[in-house]
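Visitor: I'd like to learn how to read a model like this one at the bench. Could you walk me through it?

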Amino acid sequence: MPIFLHPHLPTTNSTNGILYDAILKYLSASSIVFFPLLAFLLIFIQSILITRVINNHRLMAKPNWFPGMAYMLITSLVPEWSLLSAPLIVNTILLFILSSFFKIYNKADAKGAIFNIGLALGLAVLLFSPAITFLIWIMMGLMLMRPFKLNEWMLLIIGVTTPYYFYAVMLFLTDNWSWYLLIPHFSLHLPSIKQSVWLAGSAFLLLIPYLLGGYLIQDNLRKMLIQVRKGWSLILIYTFGAILIPFVNDNNHLENWIITAIPFAAFHACTYLYSSRRMVPIILFWLTVFFILTYQYSGMVKGW
């Protein structure tokens, strides 16, 4: 409700890619209410997608809606995560990549899917420059899910560079050619985020269910099939890649941290499903809901 009662126009910053800036320019004439509506639809669709990925590939003991619920809760823990931003759009692409990795496991001919993984990451970098750090993730994911084949690795790299090939053609045809524009800007800095009690509360409600979920997954690891174990390893590597994002390109914007929401939601879902003491997930859920309502509406009253 706060994002609709006090809608915000998306802003550009140094971490946004040229494709995202072009999208904002195209949508600049839209009503201000359109942007929170689009952000909400993206979050809702992503919550359904993460649930489908986890259920379809049997990463948990039984099908459930906990991943989607956890994703909706996580994206509400920080008011900026409910706003339209480049990393919010990129989350949809990363979910596609995650799903594609599960599909190529033990597949006889996976060349098309591997190229699509690289192509999707290339588009993600054009939307959000720090997404280049996920190049390490997709390489480790291919190593984890497939035996080494040189032609598949070449296809992955060609897929990543394909969007830049078309971007280079466009620059050449419009007489704007520059090597500098083709190379993603990449630098590491310590983020400078204004500290607050609210932010500490959000961090607590992110980390505690995540750590509990990690423990419960480890406890159930021996009961899982090999592909499921590899799947959780892939999500764990995803977490490490996502945590690097705030340190890329002088990143002081809280909305960019939403890139961590997908792996956190997967681990949170395990806390809700596997906990032997049923009061633990119930308390965590209602504590999170109460915190979100208080934080979001407190921010709304102050005008964020």
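Visitor: How are α11 and α12 oriented to each other?

Guide: Before that, a word on what you see: this is a predicted model, where local features need pLDDT of at least 70 and side-chain atom pairs count only at pLDDT 80 or more, while totals for chains, interfaces and linings use all residues. Residues are numbered from 1 along each chain as its sequence is written, and side-chain values use heavy atoms, with hydrogens and water left out.

Guide: Now the general idea. Helices are DSSP runs (H or I, at least four residues), as are strands (E, at least two), numbered from the N terminus. Each axis is a line fitted to C-alpha atoms, for helices over the stretch in contact, and the angle between N-to-C directions runs from 0 to 180 degrees. Under 35 degrees counts as roughly parallel, over 145 as roughly antiparallel, 65 to 115 as roughly perpendicular, and the rest as oblique. Here, helix α11 (residues 226-244) and helix α12 (residues 261-274) cross at roughly 130 degrees, and their axes come within 8 Å. α11 and α12 are therefore oblique to each other.

Visitor: What is the hand of the crossing of α11 and α12?

Guide: Look at which way the near helix is turned from the far one, by less than a right angle: anticlockwise is left-handed, clockwise is right-handed. For α11 and α12 the crossing is left-handed.

Visitor: And how do α5 and α11 pack?

Guide: Helix α5 (residues 86-104) meets α11 at an angle of about 150 degrees, and the two axes are 10 Å apart. α5 and α11 are therefore roughly antiparallel to each other. This time the crossing is right-handed.

Visitor: Let's turn to charges. How many salt bridges does the count come to?

Guide: The rule asks for a side-chain nitrogen of Lys or Arg within 4 Å of a carboxyl oxygen of Asp or Glu. By that rule there are two salt bridges. One joins K111 and D109, whose closest N and O atoms are 3.7 Å apart. The other pairs R146 with E152, at 2.8 Å from N to O.

Visitor: Is R146 buried or exposed?

Guide: The terms rest on relative accessible area: buried is under 20%, exposed is over 50%, and partly exposed is in between (1.4 Å probe, protein chains only). R146 counts as buried because its relative accessibility is 7%. Its partner E152 is buried too, at 2%. In the other bridge, K111 is partly exposed, with 35% relative accessibility.

Visitor: Which residues make the nonpolar surface patch?

Guide: First, how such a patch is built. Its members have over 30% relative accessible area and no salt bridge; nonpolar side chains (Val, Leu, Ile, Met, Phe, Trp, Tyr) are joined within 5 Å, and like charges within 9 Å. The areas come from the Shrake-Rupley method with a 1.4 Å probe, and for residues only the protein chains shown count as cover. In this model F4, L9, I32, V33, L37, F40, L41, F44 and I45 make a patch of about 760 Å². Helix α3 (residues 34-56) gives the largest share, five residues. L41 sits in α3 and is partly exposed, at 40%.

Visitor: Which residues other than glycine have a positive phi?

Guide: R58 is one of them, with phi of about 55 degrees. R58 lies in the loop between α3 and α4 (66-74) and is exposed, at 67% relative accessible area. N106 is another case, its phi being near 60 degrees. You will find N106 in the loop between α5 and α6 (111-127), where N106 is exposed, also at 67%.

Visitor: How do I compare separation along the chain with separation in space?

Guide: Set the sequence gap beside the C-alpha distance. A261 and I74 are 187 residues apart in sequence and 6.4 Å apart in space. A261 belongs to α12 and is buried, at 0% relative accessibility. For A61 and L244, 183 residues apart along the chain, the C-alpha separation is 30 Å. A61 is exposed, at 66%.

Visitor: Where is T294 found?

Guide: T294 is in helix α13 (residues 279-301), partly exposed at 30%. From T294 to W198 the C-alpha distance is 9.5 Å, with their positions 96 residues apart in sequence.
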